[in-house]
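Colleague: I'm new to this one and would love a close look at a single part of it. Could you pick a helix, walk me around it, and then show me how the rest of the fold follows on from there?

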Amino acid sequence: MYATLLRLGPSTGYAVAHAAGFARANTYAALEALLRRGATFRSAGRPARYRATDPTGLLVQLAAEQGERLDRLSRALAGIRPPPEPVTRALEGVRAIANVTQQLVARAEQGVDGVLAAELWQPTIPAWRRAATRATLHIRIAGDVVDSGELTFPRAPAEHPTVLLVDGLHTVLATRIEGGDSLAGLWSSNPLIAVVARLAIGET
């Protein structure tokens, strides 16, 4: 429904229903749901016209809401510490790797060590700023980045893979797929992988 409204521009519910091939009752219900989520605007005239929110703005809003929910969940679980089972998850693409990196770095309590790919730096700057207020950051940036002002780190060769160790527990690894233009990697809480990460970044 949102995609249909993006294609049509400001439109009545009837026009959207006709373009989407949905019943009017279902269309209006969907438009009202989008309105509540901030994905659309509705004019005050008669008949009311709906307009889609800018996609970039919508993604930023949804990411912020998701981050707030994750923060609330993290606080709720803070006092519950069952014995952790090591977990390893494959990650595909810059966005997925940046999201995991941001979540782990923002919650760092002790320190973050390693090397970060330049293309992962910009989308994760807020997390690094937050971590810098309470954790020790020993990282290098692989490649050229736009200066972020108050945070500056030494450089590593552009081809160096991402190897991050967060609080000595969580490992993020990422590298460019040979012959491709995307990143692939993994996140792990497995202590054996953390040992490999320490060796890779020069810790013993």
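Modeller: Start with the residues of α3 that face outward: Ala 25, Asn 26 and Arg 36 are exposed, and they sit on the other side of the helix from its buried residues. Keep in mind that this is a predicted model. The buried residues of α3 are Thr 27, Leu 31 and Leu 34. They cover an arc of only 60 degrees around the axis, so they end up on the same side of α3. That gives you a helix with a buried side and, on the other side, the exposed residues Ala 25, Asn 26 and Arg 36.

The length of α3 checks out too. The helix runs over residues 24-36, and at 1.5 Å a residue its 13 residues should span 18 Å; the C-alpha atoms at its ends are 18 Å apart, so the two values agree.

What does the buried side of α3 pack against? Its buried residues meet α1 (2-8), α2 (13-20), β2 and β3 (49-52). Just past the end of the helix, Gly 38 has a positive phi of about 80 degrees.

A little further on comes strand β2, residues 40-42, with Thr 40 in it. Thr 40 has a relative accessibility of 2%, which is why it counts as buried. Its side chain reaches back to the end part of our helix, with 3.2 Å to the backbone nitrogen of Leu 35. Look at who else is around: beyond its neighbours within four places in sequence, Thr 40 is in contact with Leu 31, Leu 34 and Leu 35, with Leu 5, and with Tyr 50, Arg 51, Ala 52 and Thr 53. So if you want one residue to click on for this corner, I'd pick Thr 40, given that list of contacts.

Between β2 and β3 there is a loop, and Pro 47 is in it. The peptide bond joining Arg 46 to Pro 47 is cis, with omega at about -5 degrees. In general, most peptide bonds are trans, and most residues other than glycine have a negative phi. There is an odd phi to look at as well, in the loop between β8 and β9, where you'll find Asp 167. Asp 167 is not a glycine, yet its phi is positive, near 55 degrees. It counts as buried because its relative accessibility is 16%, and the cut-off for buried is under 20%.

Now the cores. As a rule, nonpolar side chains in soluble globular proteins tend to be buried together. Here the largest nonpolar core has 29 residues, and Val 112, Trp 121 and Trp 128 have the most contacts inside it. Two or more residues of this core come from each of α5 (94-106), β5 (111-117), α6 (118-132), β6 (136-142), β8 (162-166), β9 (170-176) and β10 (183-188). The element that gives the most is α6, with 7 residues. A second core, separate from that one, has 9 residues, among them Leu 5, Leu 31, Ala 39 and Leu 58. Leu 31 takes us back to where we began, as one of the buried residues of α3.

While you're in the largest core, zoom in on Trp 128. It is buried, since its relative accessibility is 0%. Not counting residues up to four places away in sequence, Trp 128 touches Val 105, Val 112, Leu 116, Trp 121, Leu 137, Ile 139, Leu 151 and Leu 164. The structure holds 3 aromatic pairs. In one of them, the ring centres of Trp 121 and Trp 128 are 6.3 Å apart with the planes at 35 degrees, so the pair is tilted. Phe 153 joins these two tryptophans, Trp 121 and Trp 128, in one aromatic cluster.

One last stop is Thr 162, in strand β8. At 1% relative accessibility, Thr 162 counts as buried. Its side chain reaches the backbone nitrogen of Ala 117 at 2.8 Å, while the side chain of Thr 40, back in β2, reached a backbone nitrogen too, that of Leu 35. Leaving out residues up to four places away in sequence, Thr 162 touches Val 115, Leu 116, Ala 117 and Leu 120, plus Val 172, Leu 173 and Ala 174.

How values were computed:
Residues numbered from 1 in each chain as written. Predicted model: local features only at pLDDT ≥ 70, side-chain atom pairs only at ≥ 80, totals over all residues. Heavy atoms only, no water. Helix = DSSP H or I, 4+ residues; strand = E, 2+ residues; numbered from the N terminus. Buried < 20%, exposed > 50% of the residue type's maximum accessible area, 1.4 Å probe, protein only. Polar contact = N/O pair within 3.5 Å; in protein donor to acceptor, adjacent residues only side chain to side chain. Contact = heavy atoms within 4.5 Å. Expected span 1.5 Å × (residues − 1). Arc of directions from axis to C-beta. Phe/Tyr/Trp six-rings, centres within 6.5 Å; stacked < 30°, edge-to-face > 60°. Core = buried A, V, L, I, M, F, W, Y, C linked by side-chain atoms within 4.5 Å.
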